[in-house]
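Visitor: I am new to this structure and should be grateful for a close look at one part of it. Please take me through the pairing of charged side chains, and then through what surrounds that topic on the surface.

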Amino acid sequence: DAVYGLVARLFREADFVVSVLPGTPDTVDCCGRAEFATMKEDSVFISVGRGSVVDEVEPLPEDSPLWDCQNLLLTAHNADFTEDYFSLGWSIWRENFDACSSGRPLVTLVDKSAGY
């Protein structure tokens, strides 16, 4: 398949692979051992999308070999927890509340048919 050929080439040749994929039935486990095995030794995989995209159990079990990987950085799902985390969230909530109250379209809508 042409798409898989491009994905395989990407993992094989890229210095950095960044996954920002949503968690949908089409993206579950799309990055796994086969893809990682083809990566160059010094390449980097970064996943800032949904965890279900990476073929691994969440949360990682205590005996997972990933805990011992020296070249792996794991963060909690809310790795973006910053000083303004809550104020930004409330700001979006307020913007949606005001939009809903005045009949305007909401921001940050989820497309249920797409799964994100």
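Guide: The account below begins with the salt bridges and then turns to surface patches and aromatic rings.

The model is predicted: local features need pLDDT of at least 70, side-chain atom pairs count only at pLDDT 80 or more, and totals for chains, interfaces and linings use all residues. Residues are numbered from 1 along each chain as its sequence is written, and side-chain values use heavy atoms, with hydrogens and water left out.

Side chains of opposite charge can pair when their charged atoms come close. A salt bridge here is a side-chain nitrogen of Lys or Arg within 4 Å of a carboxyl oxygen of Asp or Glu. By this rule there are three salt bridges.

One of them joins Arg 9 and Glu 13, at 3.1 Å from N to O. These residues are four apart in helix H1 (residues 2-13), so about one helical turn separates them. Helices (H or I, at least four residues) and strands (E, at least two) are DSSP runs, numbered from the N terminus. With a relative accessibility of 45%, Arg 9 is partly exposed, and Glu 13, also at 45%, is partly exposed. The classes are as follows: buried is under 20% relative accessible area, exposed is over 50%, and partly exposed lies in between (1.4 Å probe, protein chains only).

Helix H3 (85-101) holds a bridge between Asp 98 and Arg 94, again with 3.1 Å from N to O. Asp 98 and Arg 94 are four residues apart in H3, and therefore about one helical turn lies between them. Asp 98 is partly exposed at 30%, as is Arg 94 at 44%.

The remaining bridge pairs Asp 15 with Lys 40, whose closest N and O atoms are 2.4 Å apart. This pair links distant parts of the chain: Asp 15 sits in the loop between H1 and S1, and Lys 40 in the loop between helix H2 (33-38) and S2, 25 residues apart. Asp 15 is partly exposed, at 46%, and Lys 40 is partly exposed, at 31%.

Other charges gather without such a partner. Patches are made of residues with over 30% relative accessible area and no salt bridge, like charges being joined within 9 Å and nonpolar side chains (Val, Leu, Ile, Met, Phe, Trp, Tyr) within 5 Å. Lys and Arg count as positive and Asp and Glu as negative, while His and the chain ends are not counted; the place of a charge is NZ of Lys, CZ of Arg, CG of Asp or CD of Glu. Asp 29, Asp 55, Glu 56 and Glu 58 form a negative surface patch. Of these, Asp 55 lies in the loop between strand S2 (44-47) and helix H3, and is partly exposed at 43%.

A nonpolar surface patch of about 540 Å² is made by Phe 16, Val 18, Val 20, Val 44, Ile 46 and Val 48, with areas from the Shrake-Rupley method with a 1.4 Å probe, where only the protein chains shown count as cover for residues. Strands S1 (16-19) and S2 each supply at least two of its residues. Phe 16, in strand S1, is exposed at 55%.
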